[in-house]
Amino acid sequence: MTESAALEVATTFAELNLAPEIQAAVESLGYVHPTPIQQQAIPLVLAGRDLLAQAQTGTGKTAAFALPLLDRIKPHANTSTSPARHPVRALVLAPTRELAIQVYDSVVEYAKNLPLRCTCVYGGVGMQEQEAALRAGVEVLVATPGRLLDHAGNKLVQLNQVQFLVLDEADRMLDMGFLPDLKRILALLPKQRQSLLFSATFSDEIVRLAQNFLQNPMRVEVARRNTAAETVEQVAHKVPEADKLEALLRVVKVRDLAQALVFTRTKISADKLGRRLLKRGLEAAIIHGDKTQVDRLQALEGFKQGTIKLLVATDIAARGLDIVELPAVINYELPYSPEDYVHRIGRTGRAGASGLAVSLVSADEDKLLAGIERFIKRELNIVPLPSPASPPRPAVSPEETESGPAATLPRRRRAEPVCALLMPPPQSQLAGGQ
Ligand SMILES: Nc1ncnc2c1ncn2[C@@H]1O[C@H](COP(=O)(O)OP(=O)(O)OP(=O)(O)O)[C@@H](O)[C@H]1O
Ligand SMILES: [Mg+2]
């Protein structure tokens, strides 16, 4: 970056020229400085550009797309009760229900001083309340693809006035699993629109594919590609498969971890591990795609509130979830795809906090480990399991990462209960307190 360009980078939210209502909302959340991805992406979105934006986990990508998007649709904000006055103008797609709810919660916070309607539709729950919200009209719609298509198929939502499309976790949304649904949704949108693709990881293949959905896009890359946040200390322990449970318990005990998110590769092994932990008297819960939505949300909420110590999860929980001050992620089994490793460990060490990522690697996972190391372009620190006699050094402290992109973020406290998670599907609501 040239010196003059560097001088132009906004270091305060005021310099980003967002509407006063949005700035006030950001201030009330305690954000003082925009993060690097916010500094770079916000002016480009305000200027109308399509974006392919990459920045490390936990560095504020949600606000990087949501704030300028709200600013741009603000001229359409109105308090009319007529649904026709509230067409969908912004569509935000996310790969999991929990992430869609979280993004929706953030958008509601950012839009709280504006009379813009926002709602969230996702599967696994009844259709009725979502239908009522859609019928009433909504400017910002956050959705998982399958449920959105159900509503579109039932003619409950028109997407022909969408000006903004956001794909959060865009590389996941563009991979084989989601691409067919995504193509169907794209066919319902106007060709003339602004599209914003955000993720912490992008493979070359996905970047090529993404070009088909974007018009003259700008590439924004904060930090080296596909890297985890620098605030996460990463270690690996070589452990025979049969000893993994004891190894997990040892790591939790010796490291004195108040909580950990524990990843397995399959639903079956998540169930098995969860049952074994419960048998051992630990406060554990399980989250994966075969659980009911109520069970999924209860497990996540209990974990966020701290009543659950170990949340055993499949990669359904790997992307985007923001659990304040989560101290550690443990890979009980390594993921098949190296991207998932980056996203999994990014559930800790967020917003400037420090975090620990421990991988338990059995002999038959050596190939997966090598793949991860190639992807993140560094070798993992392989160390013996910690012993009570020689506990390991604590995880990297935030002061040690002052040059990192998260250095601009203030320390956070665990939030009040995220009531929205346990409530029925959100109703269409007027974010301006009406
Ligand atoms: N400018 C800021 N100042 C302080 N905190 C911020 C700022 N921007 C975002 N945050 C907070 O940082 C946390 C992480 O943000 P967010 O979930 O958007 O990260 P992300 O980059 O999308 O991560 P991931 O790749 O895991 O999805 C959130 O709790 C958010 O409220
Ligand atoms: Mg995110």
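**Note on the ligand shell and three helix contacts**

1. In the shell around ligand 1, the residues divide into 8 nonpolar, 9 polar and 3 charged. The model under discussion is a predicted one. There are 20 residues around the ligand, and those that come nearest to ligand 1 are Tyr31, Gly60, Lys61, Thr62 and Ala351.

2. Where does ligand 1 lie with respect to domain 1 and domain 2? Residues for the shell come from both domain 1 (2-225) and domain 2 (232-392), so ligand 1 lies between them. Among the contributors to the shell, helix 4 (residues 61-73) gives the largest share, with 3 residues. Helix 4 also takes part in two of the helix contacts described below, with helix 3 and with helix 5.

3. The packing of helix 3 (residues 36-46) against helix 4 has an angle of about 25°, and the two axes are 9 Å apart. Angles under 35 degrees count as roughly parallel, and helix 3 is therefore roughly parallel to helix 4. The crossing of this pair is right-handed.

4. On the side of helix 3, the contact with helix 4 is made by Ile37, Gln38, Ala41, Ile42, Val45 and Leu46. Helix 4 answers with Lys61, Ala63, Ala64, Phe65, Leu67, Pro68, Leu69, Asp71 and Arg72. Sorted by class, this contact holds 11 nonpolar, 1 polar and 3 charged residues. Lys61, one of its members, is also among the residues that come nearest to ligand 1.

5. Helix 4 meets helix 5 (residues 97-110) as well: their axes come within 10 Å and cross at roughly 45°. The two helices are therefore oblique to each other, and their crossing is right-handed.

6. Which residues make the contact of helix 4 with helix 5? Thr62, Ala63, Ala66, Leu67 and Leu70 belong to helix 4, while Val103, Ser106, Val107 and Tyr110 belong to helix 5. The classes here are 7 nonpolar and 2 polar, with no charged residues. Thr62 appears in this contact and also among the residues nearest to ligand 1. Ala63 and Leu67 of helix 4 take part in the contact with helix 5 and are likewise listed in the contact with helix 3.

7. A further pair is formed by helix 7 (residues 145-153) and helix 9 (residues 179-186), whose axes cross at roughly 40° and come within 10 Å. Helix 7 and helix 9 are therefore oblique to each other. The crossing of this pair is left-handed, whereas that of helix 4 and helix 5 is right-handed.

8. In this last contact, Pro145, Gly146, Leu148 and Leu149 of helix 7 meet Asp181, Leu182, Arg184 and Ile185 of helix 9. By class, the residues of the contact comprise 5 nonpolar, 1 polar and 2 charged.

How values were computed. Residues numbered from 1 in each chain as written. Chains lettered and ligands numbered in written order. Predicted model: local features only at pLDDT ≥ 70, side-chain atom pairs only at ≥ 80, totals over all residues. Near = placed C-beta within 6 Å. Helix = DSSP H or I, 4+ residues; strand = E, 2+ residues; numbered from the N terminus. Nonpolar A, V, L, I, M, F, W, Y, C, P; charged D, E, K, R; others polar. Domains from an automatic or database assignment. Axes fitted to C-alpha atoms, helices over the stretch in contact; angles between N-to-C directions. Parallel < 35°, antiparallel > 145°, perpendicular 65-115°, else oblique. Left-handed = near helix turned anticlockwise from the far one by under 90°. Contact = placed C-beta atoms within 7 Å.
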